[in-house]
Amino acid sequence: MSGDGLLLAFRAGGERFAVPLDRVREAARPRRIAPLPGAPPEWSGVALVRGEAIGVIDVAAAMGLSRAHADPAPLVVVLYGSDHALLVDSIDGVETYPAGRVAPPPPGRGALHGIVAEELGFLSLLDVDRLAARGER
Amino acid sequence: MTASGPIRRHVLIVDDSGPARLLVRQALEGWARRTGQRVDVVEAENGFEALRELPRAPIDLVLTDVNMPTLSGLELIRMIRSRPEQSALPVIAVSTERDAEDAARARKAGADGYLGKPFDVETFDRVLGEVLGSKAPEEP
Amino acid sequence: MTRPKKPGGAFSGEFLAEAEMLLEEAGCGIDALDADGDDPNPERVNALFRSVHSLKGVAGMVGYAGVADAAHALEALLDDLRMGRVPASPAVRGAVREGLGALSTLVARVAAGEDAPRLETPLKDRLEGLVRPAEPRGTESLRLPPELDASLSDYERHRASEAGKRGKALVLVDLDLDFDSFDAGLRNAMSEASAAGELIGTFPGTAADPARMAFRLLVALPPGCDAAALGTRCSARDVVTVSAGRAAPPPSAAPARLPAAVPAESAPPEPGPEAAPQVARGVVRVPLEKVAALVDLAGELALARSALGRSLGQALAGASDRGARFEAQRAFARLDRLVATLGPAALALRLVPVETLTTRLARAFARTASALGREADFVVQGVETEIDKVLADELGDPLLHILRNALDHGIESPEERSSAGKPRRGRVALTVAPSGREVVLTFSDDGRGVDAAGVVAKARQTGLLGATDPDPSDPFALLFRPGFSTAREVSEISGRGVGLDVVREKLAALGGRVSVRSIPGSGTTFEVVVPMTLVLLESLVVRVGEVWFALPGENVRRTLQGAADGVEIVDGRACFRDGDEALPLARLDALFGLPKSAGSDGAEPVVVAEDGRRAAALVVDAVEGVWDLLVKPLADSVPRPKEIVGAAEVPGGEIALALDAGALIARIHSGPAEGRTA
């Protein structure tokens with residue numbers, strides 16, 4: 001992960017997460033996410049974004065948080081360099097990478113690069129490649 | 001937005017090959033990350049599109065493939081150099097060759113720098129550094 | 001990261017698409033060069049050089065060093081050829097062809113999944129013996145304006161000097177174009193220049209107004225060509241003749257003396273403008289992804305239209321103003337018609353003549369025939385038939401396999417043919433014809449044919465057919481079963497273990513099918529049917545609980561509502577009786593581990609699916625309808641059952657998961673024994 005880039009911060013399952021901004025293609029509200037039979041629970045299904053079929057990973061479920069409630073207009077963050085999108089609750093915005101404040105992730109917290117202590121809780125820096133790879137067989 | 005305003009470069013990539021444009025773009029984005037800058041990339045598939053894009057957007061740097069059908073990279077560079085408002089625009093020729101002869105050909109046409117494909121990160125950074133110097137692009 | 005660690009990496013798909021396109025271009029280029037003989041069209045040689053150069057570039061960038069090395073060796077030869085350092089002799093052209101063949105093999109090996117294919121003997125070594133360098137040439141002054149002379153590239157200088165030696169005129173065409181339309185003006189002038197003579201280079205001109213675009217074309221014109229007329233056709237501001245052509249023969253004038261400077265053995269002076277300009281007029285090359293975007297938009301527009309139609313119908317039902325209702329209906333009907341024509345019009349942009357595919361097949365056929373020692377002709381009819389560009393690319397491999405099969409197992413050796421009273425030369429005829437929304441490709445050979453009884457016997461021997469199974473109604477269908485091969489020995493050409501089953505699978509993946517018929521002693525006919533376009537797929541949409549699925553319409557034999565009475569138990573398995581066939585039956589929800597739906601009471605619909613080989617019955621909760629769907633592929637990295645290959649939006653906004661019928665039927669046939677007594 002780059003040490004000096006920008007981040008896109010968002011919320012999922014009540015917690016704050018961020019991914020490198022240069023991995024973000026767009027945020028979209030697909031009309032539907034069709035469930036995929038046989039997929040691991042963190043995969044919420046398939047969405048069509050700009051005519052492309054994209055696998056959607058539920059960040060909350062993947063991080064062991066209570067699953068995002070079924071949103072009538074789900075919000076996804078579509079990533080570059082993978083065929084996936086992240087299902088999130090809301091987007092906080094673009095933020096600078098808090099260099100010097102990043103601590104290694106606690107063991108067992110899944111696909112994270114690191115965490116940053118904040119006034120109210122933590123900002124978790126997601127390792128998007130590892131997140132997607134976890135579901136693969 | 002809480003960004004402290006990194007240097008922002010507007011770069012035009014000209015190549016008739018989609019994968020090649022993608023690879024140059026990735027290299028450029030990596031370079032921007034390593035040097036704490038941001039890049040806005042405009043892509044053109046041929047010399048015609050490039051000539052059309054140039055006056056349209058505030059371009060700070062051109063990376064053009066040498067070997068393109070109809071209007072070659074050398075022909076494009078000659079055209080850029082002939083336009084008064086673009087005559088000082090930094091141009092890097094990107095070619096499959098890595099020999100001095102080809103580099104000389106590109107420089108003769110008016111290129112400021114030369115990159116042989118495939119290039120590694122160090123070469124890419126060095127050539128961009130040489131061509132752009134340390135000066136920031138002029139921002140309005 | 002500029003160079004992925006694993007060769008190709010994320011780019012292997014793009015690399016292959018690009019490499020195959022470049023090899024295709026190069027293949028057409030060498031064909032044209034052969035037609036030109038010893039005096040090749042320089043623009044064609046340069047285009048060939050460029051294709052191989054680009055291939056080297058893209059191979060190097062994605063990390064296929066072996067491909068890049070081979071391309072480099074061939075490129076060096078082509079550079080010599082375009083710079084006049086070697087002559088375009090048959091030996092050199094043969095070497096170019098050999099080099100392209102070697103590159104095609106390497107690319108095919110990448111396509112087959114090899115990480116780093118390399119040639120065992122470097123191409124350079126193979127080409128060296130074939131090439132005889134020409135005499136070195138001197139350089140002389142070209143009398144060009146100094147600023148232009150200073151900026152000439154080596155190649156441009158060579159072409160200009162060559163033109164002078166051949167008695168051609170060198171002219172400068174000055175263009176002064178409006179910025180808003182300069183590209184159209186420049187393209188037009190470039191193609192006029194290429195058509196009239198040879199466009200050597202494009203240079204900056206001097207614009208009176210910096211807001212305008214000025215260009216200067218350096219053009220070599222054959223003797224007798226009117227430079228002023230070219231200027232008019234180019235809408236040039238000015239035309240300057242730098243050096244006049246020598247000894248331009250006045251049209252139909254008497255003195256038949258060759259210009260002294262032209263050696264007697266070189267080509268005769270061209271009569272008037274050079275023959276056969278290679279510029280296709282009124283043709284625009286559009287990248288496939290742009291076409292795909294347009295097709296997608298047309299599809300989405302069609303979906304929006306359907307949704308609008310439904311809601312409009314509901315809204316109008318309650319409207320009291322009959323005049324307004326009538327107007328709205330009429331406007332919608334017009335929109336409906338336009339949208340309905342837009343989709344096919346957009347799709348038609350993807351169509352290319354099947355000739356792009358058949359020329360490739362013809363080349364491979366000639367190579368294979370000579371490798372096998374067969375004497376055979378390949379005759380193609382219907383090359384103008386149009387087919388989806390993607391299909392034209394994808395069909396290469398399976399069709400080549402059929403051709404190789406015909407040469408390897410069908411066409412006999414010349415001796416065998418003579419003694420059977422046949423002409424020594426065999427023949428494979430390919431007929432391509434459109435049939436509705438499909439294209440039919442029929443390969444007929446006049447070889448030894450296949451004996452149906454032999455096929456059945458072989459299938460019993462290998463266990464494909466049980467001893468007690470009845471003879472199948474179409475014994476030749478057994479040829480496409482995995483593990484079936486009639487080859488008496490493993491052959492170099494058809495390969496080991498790669499049988500016609502692979503052809504069938506590949507065609508099925510493209511929405512196509514293949515069948516074979518044969519008369520022993522007189523020949524075999526393969527019939528391949530593929531959809532004309534890959535994009536819109538007529539699909540049956542079914543629902544299980546909340547999950548929607550789409551099954552290609554061509555794989556649906558029938559759907560029956562509440563067909564519980566067709567279910568019987570055979571060998572402890574639930575089977576569905578369809579006519580005289582007992583088909584294995586499965587519930588779609590059980591197959592995919594979905595929660596069992598509430599109303600499973602035997603009244604649900606049954607879908608009978610077939611894939612040209614076998615059939616199976618599927619129980620679903622509801623059949624939602626039949627639509628033409630835009631099926632989008634789903635990346636391999638998205639975890640799911642392998643029967644789900646993509647997703648498509650159904651009118652109304654639902655997403656249906658697209659099913660691969662072949663894989664689904666295979667899964668039902670192999671169990672899990674759904675319905676077996678618990």
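Select helix 3 (residues 73-82) and helix 4 (residues 100-109) of chain B in this predicted model; their axes lie 8 Å apart and the helices pack at an angle of about 30 degrees. Because angles under 35 degrees count as roughly parallel, helix 3 of chain B and helix 4 of chain B are roughly parallel to each other. To see what joins them, show the side chains of Leu74(B), Ile77(B) and Arg78(B) on helix 3 of chain B, and those of Arg105(B), Ala106(B) and Ala109(B) on helix 4 of chain B, which together make the contact. Coloured by class, the contact of these two helices has four nonpolar and two charged residues, and no polar ones.

**Another helix pair in chain B**

Next select helix 1 of chain B over residues 18-34 and helix 5 of chain B over residues 121-132, whose axes come within 10 Å and cross at roughly 75 degrees. At that angle, helix 1 of chain B and helix 5 of chain B are roughly perpendicular to each other. From helix 1 of chain B, Ala27(B), Gly30(B), Trp31(B) and Arg34(B) meet Val121(B), Phe124(B), Asp125(B) and Leu128(B) of helix 5 of chain B. Sorted by class, the residues of this contact are five nonpolar, one polar and two charged.

**The sheet of chain B**

Keep helix 5 of chain B on display and add the strands: this helix lies across strand 3, strand 4 and strand 5 of chain B, and runs at about 170 degrees to strand 5 of chain B. The sheet itself is open, with five strands in the order 2-1-3-4-5 and parallel pairing. Strand 2 (37-44) and strand 5 (113-116) of chain B stand at its edges, each with a single partner strand, so that one side of each is left without a neighbour in the sheet. On average, and with direction ignored, neighbouring strands of this sheet are turned by 20 degrees against each other. For a closer view, select strand 3 (residues 61-65) and strand 4 (residues 91-95) of chain B, which run parallel and are joined by four bridges; here Leu63(B) has Ile92(B) in strand 4 of chain B as its bridge partner.

**Where chain C meets chain B**

Which elements of chain C supply at least two residues each to the side that touches chain B? In the contact between the chains, 26 residues of chain C meet 30 residues of chain B. Helix 1 (12-36), helix 2 (42-62), helix 8 (182-196) and strand 2 (198-204) of chain C each supply at least two residues of the side that touches chain B. Helix 2 of chain C gives the most to that side, with nine residues. Coloured by class, the side of chain C that touches chain B divides into 11 nonpolar, nine polar and six charged residues.

**A hairpin in chain C**

Now move to strand 10 (residues 513-519) of chain C, where Val516(C) is found. Is Val516(C) buried or exposed? With 22 C-beta neighbours inside 10 Å, Val516(C) counts as buried, and it belongs to the covered face of strand 10 of chain C, together with Val514(C) and Ser518(C). The uncovered face of this strand carries Arg513(C), Ser515(C), Arg517(C) and Ile519(C). Leaving aside residues up to four places away in sequence, Val516(C) touches Phe476(C), Leu479(C), Thr524(C), Thr525(C) and Phe526(C). A distance to draw is that between the C-alpha atoms of Val516(C) and Phe443(C), which are 73 residues apart along the chain and separated by 9.4 Å.

Add strand 11 (residues 523-531) of chain C, which runs antiparallel to strand 10 of chain C and is joined to it by seven bridges; in this pairing, Arg517(C) stands opposite Thr525(C) of strand 11 of chain C. The hairpin of these strands has three residues between them, and Gly521(C) takes a positive phi near 90 degrees.

**Cores and chain A**

Select Val46(A), Ala609(C), Ala647(C), Ala656(C) and Leu657(C), which touch the most other members among the 90 residues of the largest nonpolar core. Apart from that core lies another, of 80 residues, among them Ala20(B), Ala27(B), Tyr64(C) and Leu77(C).

Finish on chain A, which has two helices and 11 strands, following one another from the N terminus as β-β-β-β-β-α-β-β-β-β-β-β-α. Of the 137 residues of chain A, 42% count as buried. Among contacts in chain A between residues at least 6 apart in sequence, 53% join residues at least 24 apart.

Key. Residues are numbered from 1 along each chain as its sequence is written. Chains are lettered from A and ligands numbered from 1 in the order in which they are written. This is a predicted model: local features need pLDDT of at least 70, side-chain atom pairs count only at pLDDT 80 or more; totals for chains, interfaces and linings use all residues. Two residues are in contact if their C-beta atoms, placed from the backbone, lie within 7 Å. Ala, Val, Leu, Ile, Met, Phe, Trp, Tyr, Cys and Pro count as nonpolar, Asp, Glu, Lys and Arg as charged, and the others, Gly among them, as polar. Axes are lines fitted to C-alpha atoms, for helices over the stretch in contact, and angles run from 0 to 180 degrees between N-to-C directions. Angles under 35 degrees count as roughly parallel, over 145 as roughly antiparallel, 65 to 115 as roughly perpendicular and the rest as oblique. Two strands pair if DSSP finds at least two bridges between them. A residue is buried if 20 or more other C-beta atoms lie within 10 Å of its own, exposed if 12 or fewer, and partly exposed in between; C-beta atoms are placed from the backbone. A nonpolar core is a set of buried Ala, Val, Leu, Ile, Met, Phe, Trp, Tyr and Cys residues joined through C-beta atoms within 7 Å.
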